[in-house]
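Good morning. I have one structure to go through today, in two short parts. Please have a look at it before I start.

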Amino acid sequence: MEPAAARPARTLAEASRERRDIVSGEVMAEARLIRFVADPDGQAVPDLARKLPGRGIWVAADRTSVETAARRGLFARSAKAKVTAPGDLADQVAALLRRRLLAGLGLARRSGDLVSGFEKACAAISSGRASWLIEASDGAPDGRRKVMAVVRRQAPGPDVFGVFSCEELGLALGLENVIHTAFLAGRASGRWTEDVRRFAGFSPLLPEDWREEPGEAKREP
């Protein structure tokens, strides 16, 4: 490890973006953590946007860490107060992140940061403009193989996300029959990627049966 004296000093702003995980004790970037606060009833609730009032309690963004914190009473120990955590807290975090990701796609579509449809998605990937290929989890394997072939021809190509069904994507984007979508590189995709990385600690980003398809070399962030 590089000696501390040799490392550049962090600014106050940089330091404020790092927090200590109450499970491991490791100091890490806020982007790798989930913030919790105690509600009026003294129950730990997730604060994904990091805006709720109250003292923040930070846990690494993965299922094992959240379950460990809840099981071992670490929320109360960190808060030095009576704070309880429900047994399904990790599932709550996963569900909230899932909702947040869908909402992020809706915002991106309205701001012009998404393109949908096979031809448009392939064009964005081929031109190097796409940071994500978002595939409907229940789309036809033949179409998926074709668009994945375009992804594999890029170096590097976009990451692949296959969590949401065609119906879920359609409702989020206000479109019908949404199967292939490309999230264009930029600030919006950067913010969305941060949430995807947190979500990946709680749920796979690709359906299990996709991994069994020949030639489907999927990448996750």
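**A helix pair and a strand**

I start with two helices, and keep in mind that this is a predicted model. Helix 4 and helix 7 cross in a right-handed way. Helix 4 covers residues 89–110 and helix 7 covers residues 166–173. Their axes lie 8 Å apart, and the angle between the helices is about 50°. An angle under 35 degrees would count as roughly parallel, and 65 to 115 as roughly perpendicular; helix 4 and helix 7 are therefore oblique to each other.

Which residues make the contact? From helix 4 they are Arg98, Leu102, Leu105, Gly106 and Arg109, and from helix 7 they are Glu168, Leu169, Ala172 and Leu173. Sorted by class, that contact has five nonpolar residues, three charged ones and one polar one.

Now the second part, strand 9, which spans residues 180–184. Is strand 9 largely enclosed or open? Five of its five residues are buried, so strand 9 is largely enclosed by the rest of the structure. In a regular strand, side chains alternate between the two faces of the sheet. For strand 9, both faces are covered: His180, Ala182 and Leu184 are buried on one side, and Thr181 and Phe183 are buried on the other.

Strand 9 also has pairing partners. Strand 6, residues 114–116, runs antiparallel to strand 9 and is joined to it by three bridges. One of the residues involved is Val115, whose bridge partner in strand 9 is Ala182. Strand 7, residues 130–135, also pairs with strand 9 in the antiparallel sense, over five bridges. There, Trp132 has Phe183 of strand 9 as its bridge partner.

How values were computed
Residues are numbered from 1 along each chain as its sequence is written. This is a predicted model: local features need pLDDT of at least 70, side-chain atom pairs count only at pLDDT 80 or more; totals for chains, interfaces and linings use all residues. Side-chain values use heavy atoms; hydrogens and water are left out. Buried means under 20% relative accessible area, exposed over 50%, partly exposed in between (1.4 Å probe, protein chains only). Helices (H or I, at least four residues) and strands (E, at least two) are DSSP runs, numbered from the N terminus. Two strands pair if DSSP finds at least two bridges between them. Axes are lines fitted to C-alpha atoms, for helices over the stretch in contact, and angles run from 0 to 180 degrees between N-to-C directions. Angles under 35 degrees count as roughly parallel, over 145 as roughly antiparallel, 65 to 115 as roughly perpendicular and the rest as oblique. A crossing is left-handed if the near helix is turned anticlockwise from the far one by less than a right angle, and right-handed if clockwise. Contact means heavy atoms within 4.5 Å. Ala, Val, Leu, Ile, Met, Phe, Trp, Tyr, Cys and Pro count as nonpolar, Asp, Glu, Lys and Arg as charged, and the others, Gly among them, as polar.
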